[in-house]
Amino acid sequence: MTTARDEILARVRYAAPGAVAPIPRTYRRESSRAGLVERFCERVADYRADVRRVTAEAASDEITSALDRRGASRIGVPPGLPTAWRPPAGVVEDHGLSPAELDTLDGVVTGCEIAIAETGTIVLAGGSRDGRRALTLVPDLHVCVVDEQQIVDVLPQAVSRLDVLVRDERRPLTFVSGPSATSDIELSRVEGVHGPRDLVVVVVA
Amino acid sequence: MIEPCPAAARRELANDQLRANLANATSTIRAKRARVVAELDDWEDLREAGRAIKADVLAHLDAYLLQFEAAATAAGATVHWARDAAEAAAVVTAVAKRHGADEVVKMKSLTTDEIALNERLARDGVSALETDFAELILQLDDDWSSHILVPAIHRNRTEIRDLFASTIAPGLVSDYPADLAEASRLYLRERFLAAKVGVSGANFAVAETGTLCVVESEGNGRMCTTLPPVLVSVVGIEKIVPRFTDLEVFLQLLPRSSTGERMNPYTSLWTGVTPGDGPEELHVVLLDNGRTRVLADEVGREALHCIRCSACLNVCPVYSRTGGHAYGSVYPGPIGAILTPQLIGIENAKTLPFASSLCGACYEVCPVKIDIPSVLLHLRRRAVEAAPERGERTAFRLAARVMSGRRRFVLAEHLARLGFAFRRLPGPLRAWTRTRDLRPPARTSFRDWWRQR
């Protein structure tokens, strides 16, 4: 008896579309435009995220005050988050918090893998500083630290760096471009449906 | 519920609220799309690459499907193959039952709508909770989608408030959008945290790595694909892209074409199972359900290039006036007019290819350059071949005879001048004159004028 798999493959082969021309990759794959960091900050701000540009020394204070401003006292962090980026109190390390436990956090602080200036996007890749996917999803506030060196200009540059993480390590990726939103109500964009309603991006020189 | 197109269209046109919402929505998105596309100098290069990649996929689909299966399996997923809707739904039901779940949480997925997953699950005692804001509205009100991207576009904020107040948020007074979103957030959060099984679709399935990719705005997709311990992803076989690198093209084409943003809020990519991060068990259902039939049509198979952006809907003069319900199909608008007849058989959707003025605007905005007008013409011919109408055939034969003889033609012209008293044509020709004004024939025919000149 033929399986569904056999039958589908047979039908696909029978349809036999035949050879095609090679794929033209004339779109922009590299870029080194000036004003990379400014462009990134502008475009993230366009999504109504709160963007702060600081020096390395000031990062710690900036993160703490972002949390204080919002009255966030229980803060989740990935175990690999540098000490300098952790607030002085209220830190809960994520060693496998359940969804319900994640829901008791006021916010999280993480780093990221790479950021894209053209689209104002931050990419989390499940690394030791990015954290698990659920960590940056459930709590209402996400403070994300981006090192200026991590910013590239266009999406293909980011994809080529992420390629090896996916092929060799099968890392799950999350591209974040602003806080969660919907445009379902008469097309007016409303922030904050299920992901964090508050996104703070701290860009460190 | 589903009526054939012209009748349904007439009904939808009479709905003023719908027309106002649609006009507002489509013109807003059109403007946004135009703005962000203009920002990219290499937009046309991206479109051409997108088209070429999809053509390559279809040309070697069997090899790519096998590659995907191997890579996904090596990464810890269980890959299933489903010939039709029933087989696909059966996989989801079996997984739910095995885990003792009588409810699954799902994100918006046209593929699952296509296979009527919710109804099939319900028949087996499993309920599917829609978590996309618009889908939730439709589900609570037993309504169905009118737009690929903004399914409840035909609803305004007051209608939504009333609906919520009588279902998930008793006592809700405000119709301010942020408050409506908050009501749905609170209601759904409980269910996300407790869910045992999540169901998703996928925008792209990477053959090289076995990676699935979902593009969304709200975060409910992340909820469904990250929190529950078990995930089932239903993926049409045409969603394959060959290499991870190819996403650099599609992740630029899709957000700008669909919501008119540089990038949508959340894009998630997962490759099999990652211990300690996300579901412990992943099932991927590769779905045919008529796609191999589309593939077998040399002209029509372009429809399988579609990346479900809905740009064609927003520029279509027909869709932007009638909305999705008029098409009577899960896929509305121009893409629906060419995909649905091929998926379900032209004899079951023979009016759809005619729901178009052939203006070609859809082709201009399609991010993967699907030549929709050509496919529409091709399908019109197939529709006529499948079910030729005797009256129409006779009329054309008669017209051919009249026009091929000079004396016959001249006589016909005289008769037309005399008979123009009948502004409305009789019988089956009535449909023609009901929506068009017949112009009176010229008093002197061209040949007479030429002779007298």
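**Entry 1: strands in chain B**

I began with strand β2 (residues 103–106) of chain B, which pairs with β4(B) in the parallel sense over 2 bridges. I noted that the model is a predicted one. Within this pairing I found B:K106 opposite B:V199 of β4(B).

I then followed β4(B) to strand β7 (residues 230–236) of chain B; 4 bridges join the two, and they run parallel. Here B:V197 stands opposite B:V230 of β7(B).

Which way do the residues of strand β4 (residues 197–200) of chain B point? I recorded B:V197 and B:V199 on one side, with B:G198 and B:S200 pointing the other way. All of these residues are buried. I set beside this the general rule that side chains in a regular strand alternate between the two faces of the sheet.

**Entry 2: the interface of chain B and chain A**

I next looked up how the two chains meet. The contact involves 70 residues from chain A and 97 residues from chain B. In chain B, the residues that lose the most area to chain A are B:R83, B:R185 and B:E248, together 10% of what that side buries. I entered the area buried between chain B and chain A as about 7,200 Å², with 59% given by carbon and sulfur atoms.

How many salt bridges does the rule find across the interface of chain B and chain A? I noted 12 salt bridges. I looked up a salt bridge between the side chains of B:R189 and A:D103, at 2.9 Å from N to O. Helix α10 (residues 177–194) of chain B gives the most to the side of chain B that touches chain A, with 11 residues. I sorted the residues of that side into 48 nonpolar, 22 polar and 27 charged. For polar contact across the interface of chain B and chain A, I recorded 30 residue pairs.

I also found strands pairing between the chains: strand β9 (residues 173–176) of chain A and strand β9 (residues 266–271) of chain B run antiparallel, joined by 4 bridges. In β9(B), B:S268 is the bridge partner of A:T174.

**Entry 3: A:D140**

I located A:D140 in the loop between β6 (121–124) and β7 (141–147) of chain A. Is A:D140 buried, partly exposed or exposed? I entered A:D140 as partly exposed, because its relative accessibility is 27%, and the partly exposed class lies between 20% and 50%.

Leaving out residues up to four places away in sequence, A:D140 touches several residues, among them A:D106, A:G195 and B:R185. The side chains of A:D140 and B:R185 make a polar contact at 2.8 Å. A:D198 is also touched by A:D140; their C-alpha atoms are separated by 6.3 Å, although the two residues are 58 residues apart along the chain.

Key: Residues numbered from 1 in each chain as written. Chains lettered and ligands numbered in written order. Predicted model: local features only at pLDDT ≥ 70, side-chain atom pairs only at ≥ 80, totals over all residues. Heavy atoms only, no water. Contact = heavy atoms within 4.5 Å. Buried area = accessible area lost by both parts, 1.4 Å probe. Salt bridge = Lys/Arg side-chain N within 4 Å of Asp/Glu carboxyl O. Polar contact = N/O pair within 3.5 Å; in protein donor to acceptor, adjacent residues only side chain to side chain. Nonpolar A, V, L, I, M, F, W, Y, C, P; charged D, E, K, R; others polar. Pairing = 2+ DSSP bridges. Buried < 20%, exposed > 50% of the residue type's maximum accessible area, 1.4 Å probe, protein only.
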